[in-house]
Each structure stands twice: as structure tokens, then as C-alpha cells.
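Good morning, and thank you for coming. I should like to take you through one protein, beginning with the whole chain and moving on to a few of its helices and single residues.

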Amino acid sequence: PELRQRRIRSRQRASTVSRPMTALLIAGLKPTASAYHCHQERIPPDAYDRTNIHTQLGHATPPGLVSCAPVRSHTTSKLTQTNSRRGIPYKQQSRQLAHTTQLCALAVDKMDGFCVGEPWNARAITDGIGFTSITTQEIWPDHPEKVCAFTAEFAEKNPKTVKAVLKALHEASIWLDNMDNRPEQAEIVSAASYINCPKEIILGRLQGHYDMGDGRSMQDKNYMIFHDRNCNYPQLKYATWWLSQFRRWGMVDGPPDYDGIAKQVMRPDLYEEAMKEIGFVHGGANSEPEKFFDGGIFDPADPEKYATSFAINSLK
């Protein structure tokens with residue numbers, strides 16, 4: 001079995017959708033089981049006029065929801081969508097596409113929205129083809145995000161390397177959370193070997209400046225963080241929540257061993273040992289219930305109750 005030392009970041013994501021699709025998503029939309037890992041490329045000026053977008057999208061009607069798992073993106077994930085002139089289609093389809101293909105598809109009205117990391121949502125607004133509906137910090141404050149993972153075999157054979165990586169990530173996270181460093185961050189990740197997008201488009205949301213693209217704008221107090229609020233501590237309850245979703249959507253047969261798997265995967269002992277060696281005092285474990293924007297509450301003490309409480313599910 002895998003041992004994953006999770007480095008949890010509180011990162012700002014968002015949803016950019018049309019009003020009909022907002023209602024559909026709140027009602028509950030089953031996620032896809034996999035994501036299309038793609039290379040990223042700069043969008044040429046005539047990209048939105050290209051007909052080869054149909055090759056990747058097919059000719060599905062009605063349009064659907066698209067997601068993408070970035071290869072190198074150290075950004076935030078959003079759901080971005082254009083106003084649909086068709087209303088709410090009877091049946092929605094979900095696909096996986098590259099970041100730049102998503103923007104092209106949105107522009108030519110071949111899909112309703114996409115879930116992707118920044119800066120592609122800000123790029124959609126800059127290009128005038130979409131708007132942001134809601135940020136995921138509004139949906140679930142300080143939600144879990146990207147991970148640093150090791151196999152059990154690697155961690156057992158290379159304990160010093162594992163701790164060295166955790167220490168390095170810690171130091172990098174402190175630097176990243178210094179707002180004076182955000183312009184330099186934007187410049188670094190704007191390179192072709194990373195996000196490959198103009199730094200001006202990247203910087204705004206890194207600083208919490210949100211132009212939502214529909215007349216709204218805000219300074220988000222819950223802007224992207226990498227170190228603050230104890231966000232890197234590998235909380236067992238986050239693994240438990242993910243397991244509850246595996247349960248809800250039929251990815252496991254019957255109730256999983258919530259506590260056992262969470263302890264096997266998260267391994268806070270590795271994080272604590274590494275931080276102790278550099279003299280960092282972390283905030284420790286937190287088993288408090290998590291509250292969501294719709295009034296829902298996840299109690300890590302009873303994940304099975306939460307997993308089976310949804311009217312929309314694929315329970316097995």
C-alpha cells in the first residue's frame with residue numbers, strides 16, 4: 001500500500017459558471033473518475049477560430065462540464081463557464097481537456113464550463129469569454145488541496161530524503177506566503193516551462209484581487225496560502241473526507257476503514273518529526289467539523305453518516 005505524506009495547502013479555487021449551471025452544480029453533479037493530463041502551451045491569437053477544437057471535443061450535444069489536472073501548475077482550480085444561450089440541457093456531459101483547449105471550447109460555445117487551476121479562469125475573463133461565479137474558499141474555507149506523496153517503500157528506504165523534502169517545502173511555503181514575494185512568484189511561474197502565461201494575469205489572484213468578470217470585484221481575505229493557518233499539517237480528517245466521497249460515488253464497496261486508511265496515508269508523525277528537527281512549532285491535529293457554504297457539515301467522527309446523507313449518490 002502507498003504511504004502518502006500529504007502537504008495540505010489552503011488554496012484559492014473558484015467556480016465560473018452561467019446562472020443555470022450554478023443551480024445544476026449546487027444540486028449535485030457526479031465527478032469524473034480521471035483527469036486528462038496535458039501539456040500547456042501559449043494560446044495563439046487565432047486559436048479561438050480554429051476548427052480543430054472539434055477533434056478533441058467531439059460533436060457532443062448538449063455542451064458539458066470539462067475538467068483538467070494540470071501537469072506543472074502551482075495554481076488554483078476553478079470552474080469557469082460562459083453564459084449558455086441554450087438554458088439547462090437535459091443531460092450534461094463531463095470531459096477532460098487541456099487548459100488551452102478549454103479556453104478555446106468556451107469561446108466557440110462548445111461547452112458550458114471548466115474546472116481548472118489559475119490563471120486560466122483569470123485568462124477567460126481577460127479574453128472576455130467567461131466569468132467567475134464563486135470561489136472554493138467560499139464553498140469550503142481552507143479546503144485541502146495538493147499533496148506531496150511518497151510510496152511506503154520509498155519512505156522506508158529513504159527517511160532522510162523524505163524529511164529533507166518536507167523541510168524544503170516548509171521553507172518554500174514561508175517564502176511564498178510573504179506577500180512582498182508574490183510579484184516574483186508570478187514572474188517565475190509565468191515561464192514557458194511552468195504555466196506559460198503573462199505574469200500580469202497570474203499576479204492579481206495571487207494577491208487576492210478578484211475581478212469576477214461580471215461587474216463584481218473584491219479583495220479576497222482568503223487568498224491563496226501555502227503556509228499560514230497550519231495549512232500544511234497532514235490532517236487525518238481530510239483523508240477521511242476524501243474517503244467519504246469515494247463511498248458516496250461508489251468508488252468503494254461498502255464503508256471503508258476510515259480511521260485505518262487515514263492514519264496509514266496521512267502520517268502526521270513524519271511531518272512532526274521533520275518540523276521538530278528545524279525547530280518549527282506547528283498547530284497540530286484538528287478534528288473539528290468542517291462547514292460548507294450550503295449549511296452542510298462534515299463531522300470526521302462520523303464520516304459514514306455524512307457519506308450516506310446525500311440524495312444524489314452512487315452508493316454500493
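What percentage of the 316 residues in the protein is buried? The figure is 49%. Please keep in mind throughout that we are looking at a predicted model.

The protein has 13 helices and 14 strands. If we take the contacts between residues at least 6 apart in sequence, 79% of them join residues at least 24 apart.

Let us turn to the first pair of helices. Helix H7 spans residues 159–176 and helix H12 spans residues 268–277; the two pack with their axes 9 Å apart, at an angle of about 70°. H7 is therefore roughly perpendicular to H12, because angles of 65 to 115 degrees are counted in that class. Their crossing is right-handed.

Which residues meet there? From H7 come Lys 163, Leu 166, Lys 167 and His 170, and from H12 come Leu 270, Tyr 271, Glu 273, Ala 274, Met 275 and Glu 277. Sorted by class, the residues of this contact are five nonpolar, one polar and four charged.

We may stay with H12 for a moment. Its buried residues are Pro 268, Leu 270, Tyr 271, Ala 274 and Met 275. Why can we say that they share one side of H12? They cover an arc of only 160° around the axis, and so they lie on the same side of the helix. Four of the names should sound familiar: Leu 270, Tyr 271, Ala 274 and Met 275 also appear in the contact with H7. Just after H12 comes Gly 279, with a positive phi of about 75°.

Beyond that point, in the loop between H12 and strand E13, residues 290–291, we find His 282. Is His 282 buried, partly exposed or exposed? Its relative accessible area is 24%, and His 282 is partly exposed, because buried would require a value under 20% and exposed a value over 50%. Leaving out residues up to four places away in sequence, His 282 touches Asn 230, Tyr 233, Tyr 271, Glu 272 and Met 275. Two of these, Tyr 271 and Met 275, are among the buried residues of H12. As for Asn 230, it is 52 residues away from His 282 in sequence, yet the two C-alpha atoms are 6.4 Å apart in space.

The second pair of helices is H8 and H9. Helix H8 covers residues 182–189, and its buried residues are Arg 182, Gln 185, Ala 186 and Val 189. Their arc around the axis is only 100°, which places them on the same side of H8. What covers these buried residues? The cover includes H7, which we have already met, and helix H9, residues 199–206.

How do H8 and H9 pack? Their axes are 9 Å apart and the angle is about 140°. H8 is therefore oblique to H9. H8 passes H9 in a right-handed crossing. On the H8 side the contact is made by Arg 182, Pro 183, Gln 185, Ala 186, Glu 187 and Val 189, and on the H9 side by Lys 199, Ile 202, Leu 203 and Leu 206. By class, that contact has six nonpolar, one polar and three charged residues.

Leu 206 leads us to another part of the chain. Its C-alpha atom is separated by 9.3 Å from that of Pro 119, although their positions lie 87 residues apart along the chain. Pro 119 is found in the loop between strand E8, residues 113–117, and helix H4, residues 120–126. With a relative accessibility of 2%, Pro 119 counts as buried.

Finally, consider helices H10 and H11. In H11, residues 258–266, the buried residues include Tyr 258, Ala 262, Val 265 and Met 266. These four cover an arc of only 85° around the axis, so they are on the same side of H11. After H11 comes Arg 267, which has a positive phi, near 50°.

Thr 240 belongs to helix H10, residues 236–248. Thr 240 is buried, with a relative accessible area of 4%. Which residues does Thr 240 contact, if we set aside its neighbours within four places in sequence? They are Tyr 258, Ala 262, Phe 298, Pro 300 and Pro 303. Tyr 258 and Ala 262 are two of the buried residues of H11.

Thank you for your attention.

How values were computed
Residues numbered from 1 in each chain as written. Predicted model: local features only at pLDDT ≥ 70, side-chain atom pairs only at ≥ 80, totals over all residues. Heavy atoms only, no water. Axes fitted to C-alpha atoms, helices over the stretch in contact; angles between N-to-C directions. Parallel < 35°, antiparallel > 145°, perpendicular 65-115°, else oblique. Left-handed = near helix turned anticlockwise from the far one by under 90°. Contact = heavy atoms within 4.5 Å. Nonpolar A, V, L, I, M, F, W, Y, C, P; charged D, E, K, R; others polar. Buried < 20%, exposed > 50% of the residue type's maximum accessible area, 1.4 Å probe, protein only. Arc of directions from axis to C-beta.
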